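This briefing introduces a structure to a reader who has not met it before. Please consult the sequence and the structure shown here while reading.

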Amino acid sequence: MTKQARLILEDGTVFIGTSFGAEEESRGEVVFNTGITGYQEVLSDPSYCGQIVTMTYPMIGNYGVSRDDFESIRPFVHGFVVREHCEVPSNWRSEQTIASLLKEYNIPGIAEVDTRKLTRIIRQHGTLKGIITTSDEPVEALLEKLKAPLMEDQVARVSTKNLFPVPGRGPRIVLVDFGAKYGILRELTNRGCDVIVAPYNVTADEIRRIRPDGILLSNGPGDPKSVPEAIHMIQEILGEYPLFGICLGHQLFALACGADTEKLKFGHRGGNHPVKELSTGRTHITSQNHGYTVTADSVMNTDLEISHIALNDGTVEGLTHKKYAAFSVQYHPEAAPGPYDSNYLFDHFLEQVTTFVKGEKAHAATR
Ligand SMILES: NC(=O)CC[C@H](N)C(=O)O
């Protein structure tokens, strides 16, 4: 027996659908992702913590869920909205359905929603708060619940609590974990790096003690301005080691260098966002998931240079520091899910790291 579920938006719109996953009530910011595949990576990307995600592709779950496709230890979305969810996946790698996965983690799903209508509302009004429920509570009472502020400490919730190593014999990289996807870790370990994963509030001194050869600032959920300790740490350590920022890491790098960030109307979430690299004029198709952006005008009076822009709306997609080996991108070069066009950025970072290591050795030899 399928149970009825409702999705209520803060503007009063009510979507009636069927419940799948957990029969829980959950609030969150309602966002849409345009990926045709990659739902498992979306569900487990910690950057979605606090958000109710709707997939614009009309059938989700066809290839099931596999142990090997998670992007973190567990799903982090606060709710999942689909047109149709597949109850009988067809894939030899599949171990369970999305419904059973969501149930395991107490996350509600709602199916049979007109996701085109929902997406149009979000595109017209901008991102809205929403609530998924299987209760019969009147809409007014649910709208009242939506007035309370949403979670703001997502980064502290999803980040590791302690430092831990992922040993390798290559350059030592401190990966500051604001909610890092496994894909980033995979790209580093594939290149032989000796990775030390650090909590979001690691201090500059703690990083120095690790004697790294480079720093990678990860992706993560929420507003970059809600992580002031990280901005402070970056300001202190900037210029000492090569630095690469991805998504939230890019926004924090920008804030640390004196630029500003703002919220986009409805964000960029999907696997086919065209981005132009200004130095070559090349266009890369990128994987994206962000609601905030670096304000282009604010870059002007800083030591940063805009390196990439989004072709859909002209917003900032990449930054390079004019004096130091430090750069960042708003999109996801680790893909997972999405195209690998931008994978070369990890090689670029490692080149900077190698140059740094050589310089350090030369310096030591003269001491
Ligand atoms: N994937 C990310 O790192 C997202 C960054 C930030 N939370 C945003 O929404 O813009």
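The points below cover a sheet, the strand pairings within that sheet and the surroundings of a ligand. The model is predicted. Its open sheet is built from ten strands with mixed pairing, and eleven named positions need not be memorised, as the residues around the ligand, including S47 and N219, are listed below.

**The sheet**
- The strands follow the order β10-β12-β11-β13-β14-β19-β18-β17-β15-β16.
- At the edges lie β10 (164-166) and β16 (283-294), each of which pairs on one side only.
- On average, neighbouring strands of this sheet are turned by 25° against each other, direction ignored.
- In general, strands of a sheet pair through backbone hydrogen bonds, either parallel or antiparallel.

**Pairings of β17**
- Strand β17 (residues 304-310) pairs with strand β18 (residues 316-321) in the antiparallel sense, over five bridges.
- Within β18, V316 is the bridge partner of I309, and T320 is the bridge partner of E305.
- The two strands β17 and β18 form a hairpin with five residues between them; in the turn, G314 has a positive phi of about 75°.
- Strand β15 (residues 261-277) also pairs with β17 in the antiparallel sense, over three bridges; A310 in β17 is the bridge partner of V275.

**The ligand surroundings**
- The residues around the ligand are S47, N219, G220, P221, G222, C247, L248, N289, H290, G291 and Y292.
- The edge strand β16 gives the most to this shell, with four residues.
- By class, the shell has four nonpolar and seven polar residues, and no charged ones.

Conventions
Residues are numbered from 1 along each chain as its sequence is written. This is a predicted model: local features need pLDDT of at least 70, side-chain atom pairs count only at pLDDT 80 or more; totals for chains, interfaces and linings use all residues. Two strands pair if DSSP finds at least two bridges between them. Axes are lines fitted to C-alpha atoms, for helices over the stretch in contact, and angles run from 0 to 180 degrees between N-to-C directions. A residue is near a molecule or strand if its C-beta atom, placed from the backbone, lies within 6 Å of it. Ala, Val, Leu, Ile, Met, Phe, Trp, Tyr, Cys and Pro count as nonpolar, Asp, Glu, Lys and Arg as charged, and the others, Gly among them, as polar.
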